[in-house]
Amino acid sequence: MHEYGELLENVNLKKYNTYKIGGHSKYLIKPYNIKCLKNLIEYLKNNKIKYIVLGKGSNVILPDEDYDGTIILLEKLNKIEIENNIVNAESGILLNTFINKLINNNLGGLENLYGIPGTLGGAIVQNAGCYSSEISDYIESITYLKDNEIKTINKEDCDFSYRDSIFKKDKDIILLSASFKLYNKDKKEMKEIIKNNMNKRKSSQPLEYPNAGSVFRNPKDLSAGKLIDDLNLKGYHINDAYISNKHANFIINKGNSSSEDIKLLIEHIKKEIYKNYKIELILEQEIVKY
Ligand SMILES: Cc1cc2nc3c(=O)[nH]c(=O)nc-3n(C[C@H](O)[C@H](O)[C@H](O)COP(=O)(O)OP(=O)(O)OC[C@H]3O[C@@H](n4cnc5c(N)ncnc54)[C@H](O)[C@@H]3O)c2cc1C
């Protein structure tokens, strides 16, 4: 497989997700480019080897068990092309790196999303958003790999909605790149917005502990964090998995939390919320199954 990308064996997955949980993966590969990725998928399918694509692992709950397959990281697919206000970027680029590049080119639209610690691909799958912006706001089209074919679709066909898209449901799709139409905006103004947003994040989120962002989606017109906080659940824990004292919609790993601890804590919160408010909380994070 090494001809398709940088190949690692028996990899501790704790280093590859922001909860810092999980077992070992038999292989982890970082394809050199899109052609290598396409050939790799063909090879894995022909040889019946399982695979999972991960970005920065900042929205996933990996299992505790070892994985007898291949984790694919697209961090080498990180090219950006800018022509006036049209920007095409590959999916493995870090969202913050991408936004910095836009700001340096005085291109506005995505600056509110600075601070989300994932890749562009992961952000599109989830239609990541914050501070009244979503990654889909300025997308024109998406290019992806499916059934060994590369296809491009327009934004209208991606069914973007609150933390959702067609890519979340179809695990056979690998996002390759996205095209955006942005607008001219002064970089100083955008840097100021980022500074304020980062201060808000630091004061309201438990960034000092491993976590994977908001655990639940906000129910319509309500805040999941407030519902959990109102039940005095902050600080409740199962082993090292804690409901953060800083933000009740964050679960933090205080050291040696397992995937199982986090999942049990999630079930406990869901049960309490349903018992008290008759509301079914929907998970924003993704429980990965091997
Ligand atoms: C401190 C913190 C703050 C956060 N704040 C926010 C926030 O404000 N708003 C928000 O929306 N989220 C937030 N998140 C959650 C998370 O960062 C985002 O959902 C992010 O977009 C996930 O990107 P990722 O690259 O880490 O994806 P991963 O977690 O690695 O993957 C998520 C899913 O996408 C799939 N995937 C990833 N890349 C591809 C690809 N190229 N092709 C196909 N499938 C792919 C994976 O298979 C997986 O199913 C936060 C997380 C943390 C830790």
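Modeller: Ground rule before we start: two strands count as paired if DSSP finds at least two bridges between them. This is a predicted model. In it, β3 and β5 (residues 67-73) pair over four bridges, in the parallel sense.

Biologist: Give me one bridge. Who is the partner of valine 53 in β5?

Modeller: Isoleucine 72 is the bridge partner of valine 53.

Biologist: What is the strand order in that open sheet of four strands?

Modeller: The order runs β1-β2-β5-β3, and the pairing is mixed. β1 (5-12) and β3 each have a single partner strand, so each has one side left without a neighbour in the sheet. On average, neighbouring strands here are turned by 25° against each other, ignoring direction.

Biologist: Which strands does helix α1 touch when it packs on the sheet?

Modeller: Helix α1 (residues 34-46) touches β1, β2 (24-31), β3 and β5. Its direction makes about 145° with that of β2.

Biologist: Back to β5. Is isoleucine 71 buried or exposed?

Modeller: Isoleucine 71 lies in strand β5. It has 23 other C-beta atoms within 10 Å, and the cut-off for buried is 20 or more, so isoleucine 71 is buried.

Biologist: And what is isoleucine 71 in contact with, neighbours within four places in sequence aside?

Modeller: Tyr16, Ser25, Leu28, Ile52 and Leu54. Isoleucine 153 is another matter: 82 residues from isoleucine 71 in sequence, and 26 Å from it in space, C-alpha to C-alpha.

Biologist: Switching to the other open sheet. What is the order of its five strands?

Modeller: β6-β7-β13-β11-β12, with antiparallel pairing. The edges are β6 (80-83) and β12 (149-154), each pairing on one side only. From one strand to the next, the twist averages 15°.

Biologist: Over how many bridges do β11 and β13 pair?

Modeller: Six, in the antiparallel sense, with β11 covering residues 139-146. In one of the β11-β13 bridges, isoleucine 139 has phenylalanine 180 of β13 as its partner.

Biologist: Now the ligand. Which residues come nearest?

Modeller: Gly55, Gly118, Gly121, Gly122 and Gly213, out of 33 residues around the ligand.

Biologist: Which element gives the largest share of that shell?

Modeller: α3, with five residues. β3 (51-54), α3 (120-126), β9 (129-130) and β13 (174-181) each supply at least two. So β3 and β13 from our two sheets turn up again, β3 in the open sheet of four and β13 in the open sheet of five.

Biologist: How do the shell residues divide into nonpolar, polar and charged?

Modeller: 16 are nonpolar, 15 polar and two charged.

Biologist: Next, lysine 246. Where is it found?

Modeller: Lysine 246 is in the loop between β16 (241-243) and β17 (251-253). It has 15 other C-beta atoms within 10 Å, between the 12 that would make it exposed and the 20 that would make it buried, so lysine 246 is partly exposed.

Biologist: What does lysine 246 touch, beyond residues up to four places away in sequence?

Modeller: Ser204, Gln205 and Pro206. Proline 206 is 40 residues away in sequence, and the C-alpha atoms of the two are 6.0 Å apart.

Biologist: Last, the whole chain. How many helices and strands?

Modeller: Seven helices and 18 strands. The C-alpha atoms fill a box of roughly 50 × 50 × 30 Å along the principal axes. Buried residues are 40% of the 290.

Biologist: What radius of gyration would a compact globule with 290 residues have?

Modeller: Near 19 Å, and the protein chain has 19 Å, which agrees. Among contacts between residues at least 6 apart in sequence, 64% join residues at least 24 apart.

Note on methods
Residues are numbered from 1 along each chain as its sequence is written. This is a predicted model: local features need pLDDT of at least 70, side-chain atom pairs count only at pLDDT 80 or more; totals for chains, interfaces and linings use all residues. A residue is near a molecule or strand if its C-beta atom, placed from the backbone, lies within 6 Å of it. Ala, Val, Leu, Ile, Met, Phe, Trp, Tyr, Cys and Pro count as nonpolar, Asp, Glu, Lys and Arg as charged, and the others, Gly among them, as polar. Two residues are in contact if their C-beta atoms, placed from the backbone, lie within 7 Å. Axes are lines fitted to C-alpha atoms, for helices over the stretch in contact, and angles run from 0 to 180 degrees between N-to-C directions. The radius of gyration is taken over C-alpha atoms; the globule rule is 2.2 Å times the number of residues to the power 0.38.
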